[in-house]
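The following report looks at helices, their packing, charged pairs and a surface patch. It is meant to be read alongside the sequence and the structure.

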Amino acid sequence: MRRRSEPHTFEQRLKAEQLRLEHELSGLPDGQQRDSVMARIDQLQTAAAMHDFLMLREAAAAR
């Protein structure tokens, strides 16, 4: 029977995707594809910052 991997947190998935894209970016020449990957990395960083903000806000509201 196939074993399921342990679930990953949202933060772990964001970080893994960012690392994957940064690795991909290192092999791309200047151009539209590189710009697209850089924009995706920026989106992931924004998502991580928003998630952190919301988690802090949720923790403060629980007090």
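## Helices, packing and salt bridges

Phe-53 is found in helix 2, which covers residues 32-62. The model discussed here is a predicted one, and what is said of Phe-53 and of other residues should be read in that light.

With a relative accessible area of 51%, Phe-53 is exposed, because the cut-off for that class is over 50%. Leu-54 also has its place in helix 2, and with a relative accessibility of 43% Leu-54 counts as partly exposed. Together with Met-55, Phe-53 and Leu-54 make up a nonpolar patch on the surface, and the accessible area of the three residues together is about 290 Å². As for the position of Leu-54 relative to helix 1, its C-alpha lies 29 Å from the C-alpha of Leu-25, a residue 29 places away in sequence.

**The two helices**

Helix 2 has 31 residues and spans 45 Å from its first C-alpha to its last, which is close to the 45 Å expected at 1.5 Å a residue. Helix 1, which comprises residues 10-26, has 17 residues and reaches 25 Å between its first and last C-alpha atoms, again close to expectation, here 24 Å at 1.5 Å a residue.

Which residues of helix 1 are buried? They are Leu-14, Gln-18, Leu-21 and Leu-25. Viewed down the axis of helix 1, these buried residues fall within an arc of 70°, and therefore they line one face of the helix. The face turned away from that buried side carries Arg-13, His-23 and Ser-26, which are exposed.

What do the buried residues of helix 1 pack against? Their packing partner is helix 2. In helix 2, the buried residues are Val-37, Ile-41, Leu-44 and His-51, and helix 1 is included in what covers them.

Two residues, one from each helix, show this packing in detail. Gln-18, in helix 1, has a relative accessibility of 11% and so counts as buried, the limit being under 20%. When its neighbours within four places in sequence are left aside, Gln-18 is in contact with Ile-41, Leu-44 and Gln-45. Of these partners, Ile-41 and Leu-44 are among the buried residues of helix 2.

Ile-41, which lies in helix 2, is likewise buried, with a relative accessible area of 7%. Again leaving aside neighbours within four places in sequence, the contacts of Ile-41 are with Gln-18, Leu-21, Glu-22 and Leu-25. Gln-18, Leu-21 and Leu-25 also appear among the buried residues of helix 1. Along the chain, Ile-41 and Ala-59 are 18 residues apart, and their C-alpha atoms are separated by 27 Å.

**Salt bridges**

How many salt bridges does the model contain? The count comes to three, and the pairs are set out below with the separation of their N and O atoms.

| Pair | N to O distance |
|---|---|
| Arg-20 and Glu-17 | 2.8 Å |
| Glu-24 and Arg-20 | 3.3 Å |
| Arg-34 and Asp-30 | 3.6 Å |

Glu-17, Arg-20 and Glu-24 are linked with one another in a network of salt bridges. Arg-20 and Glu-17 both belong to helix 1, where they stand three residues apart, or about one turn of the helix. Glu-24 and Arg-20 are separated by about one helical turn as well, because they are four residues apart in helix 1.

The members of this network can also be described by their accessibility. Arg-20, at 42% relative accessibility, counts as partly exposed. Glu-17 counts as partly exposed at 24%, and Glu-24 counts as partly exposed at 28%.

In the remaining pair, Arg-34 forms a salt bridge with Asp-30, and the closest N and O atoms are 3.6 Å apart. Are Arg-34 and Asp-30 buried, partly exposed or exposed? Arg-34 is partly exposed, with a relative accessible area of 21%, whereas Asp-30 is exposed, with a relative accessible area of 73%.

Methods: Residues numbered from 1 in each chain as written. Predicted model: local features only at pLDDT ≥ 70, side-chain atom pairs only at ≥ 80, totals over all residues. Heavy atoms only, no water. Patch = residues over 30% accessible without salt bridge, like charges linked within 9 Å, V, L, I, M, F, W, Y side chains within 5 Å. Areas by Shrake-Rupley, 256 points an atom, 1.4 Å probe, with all protein chains shown as cover. Salt bridge = Lys/Arg side-chain N within 4 Å of Asp/Glu carboxyl O. Buried < 20%, exposed > 50% of the residue type's maximum accessible area, 1.4 Å probe, protein only. Expected span 1.5 Å × (residues − 1). Arc of directions from axis to C-beta. Contact = heavy atoms within 4.5 Å.
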